[in-house]
Every structure is written in structure tokens, then in C-alpha cells.
Amino acid sequence: TGRTVGIYVEFKAPAWHATQGRDLGAALLTALNAHGYRRAGDPIYVQCFEAEALERLRTELGTELKLVQLLSTGAEYAALVTPEGLRRVATYAQGIGPSLGQIITAGADHGPVVTPLVRDAHAAGLVVHPYTVRADALPKEIKDPAALLALLIEEAAVDGFFTDQTDLGVRAVAAADR
């Protein structure tokens, strides 16, 4: 079509693959390089929940591609969501991918409250792309997907987001641009 296509790859379970004798990181970079994804400015993000795997892509395998540290609410991620942890993430990645619940929680009045995570990540120089906006799986504090997206875009100031319903995302971005 003559248009540039960007991709967002999730690098899944590299530690498990290593136990099976597979170097998933090297294989991933070989495949991406074969299709022209090599440099920091290329239209691609590679994301993973495993910090060690992302650090290896950056340091040992020498990729310049944009990397995103996926985050969850598990105890193993607690240190990464602190200002110090986010500064550490910024040494090997360009962004974080937190769950929605790490950005929006219930306030004392049970209404939605934006956490400082996005602000802290931006202060560390990271972009923030939370997952996953779905009309049928909204945070309990929010009743309308449009309200969730407005909160994410306007108040939390995320840089992007994942959604399974792109029509909602397109409408939210258009509304924010008005």
C-alpha cells in the first residue's frame, strides 16, 4: 500500500523458552531484522513482562528497538513501579505497559482516582501504554468506556493504550483532539 505499518510485539515467556533450549530473544531479533525492524526510530515496540529478557535484548543482543516493560500487580513488580524502579526501567526500556488498575483505583468516595504512576514514569522519561481497555471489562469505579478513555487520555495523560475494541479508541482520541 506504500504506507508504513507499525507493530507492537509481545515477547512471551522467554525464561520458560530458555528452559526448553530456545533463545527466544535472538530468534525474535533475527525475525524482526529480516523484516526491516532494526533501529530505534523504526515503527515497532517490543514488550515483555520479564525485565531480565528486555535487559538482555538491550545489552547482550544490542537491539536499538523501542522496548516496553509490561507490569502487573504481582509482588515481583512492586519495586518497578516506584520512582526509583521506573528510573531503572528507563536504563533498558523506553516505556511501561501497566494494567489499568495500576493507573486508576477507587478513591475514598469509591469514584475513580488516577495514581501517580504515569506522572512518575514520565518523570523517568518513559512512555506509558496501559492494557486493556474493554467495554465489557471496565474498572468497577467506571460505568462507561468513554469515561475511562477520557480519564486515561485527559487526566492520567497516557501516551497510548491497548484496546480490544478499536472503535472506542478511535472515538476517544478524536474527542481528546477537539
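Axes here are lines fitted to C-alpha atoms, for helices over the stretch in contact, and angles between N-to-C directions run from 0 to 180 degrees. I took this as the starting point for reading the helices against the sheet. The model is predicted, and I read it as such.

**Entry 1: the sheet**

I began with the strand order. The sheet is open and holds five strands in the order S1-S2-S3-S4-S7, with parallel pairing. I then looked for the edges: S1 (7-10) and S7 (127-128) stand there, each with a single partner strand, so each has one side without a neighbour in the sheet. As a general note to myself, strands of a sheet pair through backbone hydrogen bonds, either parallel or antiparallel.

I followed the pairing inward from S1. Four bridges link S1 and S2 in the parallel sense, and I found Ile-7 opposite Ile-44 of S2. S2 (residues 44-48) is also joined to S3 (residues 66-70), again by four bridges and with the strands running parallel. In that second pairing, Gln-47 has Val-68 of S3 as its bridge partner, and Cys-48 has Gln-69 of S3.

**Entry 2: burial of S2 and S3**

How many of the residues of S3 are buried? I counted five of the five, so S3 is largely enclosed by the rest of the structure. I checked its two faces separately. Lys-66, Val-68 and Leu-70 lie on one side, Leu-67 and Gln-69 on the other, and all of them are buried, so that both faces of S3 are covered. I noted that Lys-66 and Gln-69 appear among these buried residues.

For S2, four of the five residues are buried, so S2 too is largely enclosed by the rest of the structure. I then looked at what lies over the two strands. Helix H3 (residues 51-58) lies across S2 and S3, and H3 runs at about 170° to S3.

**Entry 3: H6 against H7**

Two packed helices are described by the angle between their axes and the distance between the axes. I looked up both values for H6 (residues 145-156) and H7 (residues 166-177): the angle is about 50° and the axes are 10 Å apart. That angle makes H6 oblique to H7. The crossing of H6 past H7 is right-handed.

Which residues of H6 and H7 meet? On the H6 side I listed Pro-145, Leu-149, Ile-153 and Glu-154, and on the H7 side Leu-168, Gly-169, Ala-172, Val-173 and Ala-176. Sorted by class, this contact of H6 with H7 has seven nonpolar residues, one polar and one charged.

**Entry 4: positive phi**

Most residues other than glycine have a negative phi. I looked for exceptions and noted two alanines. Ala-13, not a glycine, has a positive phi of about 50°. I placed Ala-13 in the loop between S1 and H1 (14-19). Its relative accessibility is 36%, so Ala-13 counts as partly exposed.

Ala-157 is also not a glycine, and has a positive phi of about 65°. I found Ala-157 in the loop between H6 and H7, the two helices of the previous entry. At 33% relative accessibility, Ala-157 counts as partly exposed.

**Entry 5: a loop serine**

I next looked up Ser-99. This residue is in the loop between S4 (95-97) and S5 (104-106). Is Ser-99 buried or exposed? Its relative accessibility is 13%; the limit for buried is under 20%, and Ser-99 therefore counts as buried. Leaving aside residues up to four places away in sequence, I found that Ser-99 touches Leu-71, Thr-73 and Tyr-131.

**Entry 6: two separations**

I closed with two C-alpha to C-alpha distances. Pro-83 is in H4 (residues 83-89) and is partly exposed, with a relative accessible area of 39%. Pro-83 and Gly-21 are 62 residues apart in sequence and 36 Å apart in space.

For the second pair I took His-35, which I placed in the loop between H2 (24-34) and S2. His-35 counts as exposed, at 66% relative accessibility. The C-alpha atoms of His-35 and Ala-78 are separated by 36 Å, with their positions 43 residues apart along the chain.

Methods
Residues numbered from 1 in each chain as written. Predicted model: local features only at pLDDT ≥ 70, side-chain atom pairs only at ≥ 80, totals over all residues. Heavy atoms only, no water. Parallel < 35°, antiparallel > 145°, perpendicular 65-115°, else oblique. Left-handed = near helix turned anticlockwise from the far one by under 90°. Contact = heavy atoms within 4.5 Å. Nonpolar A, V, L, I, M, F, W, Y, C, P; charged D, E, K, R; others polar. Pairing = 2+ DSSP bridges. Buried < 20%, exposed > 50% of the residue type's maximum accessible area, 1.4 Å probe, protein only.
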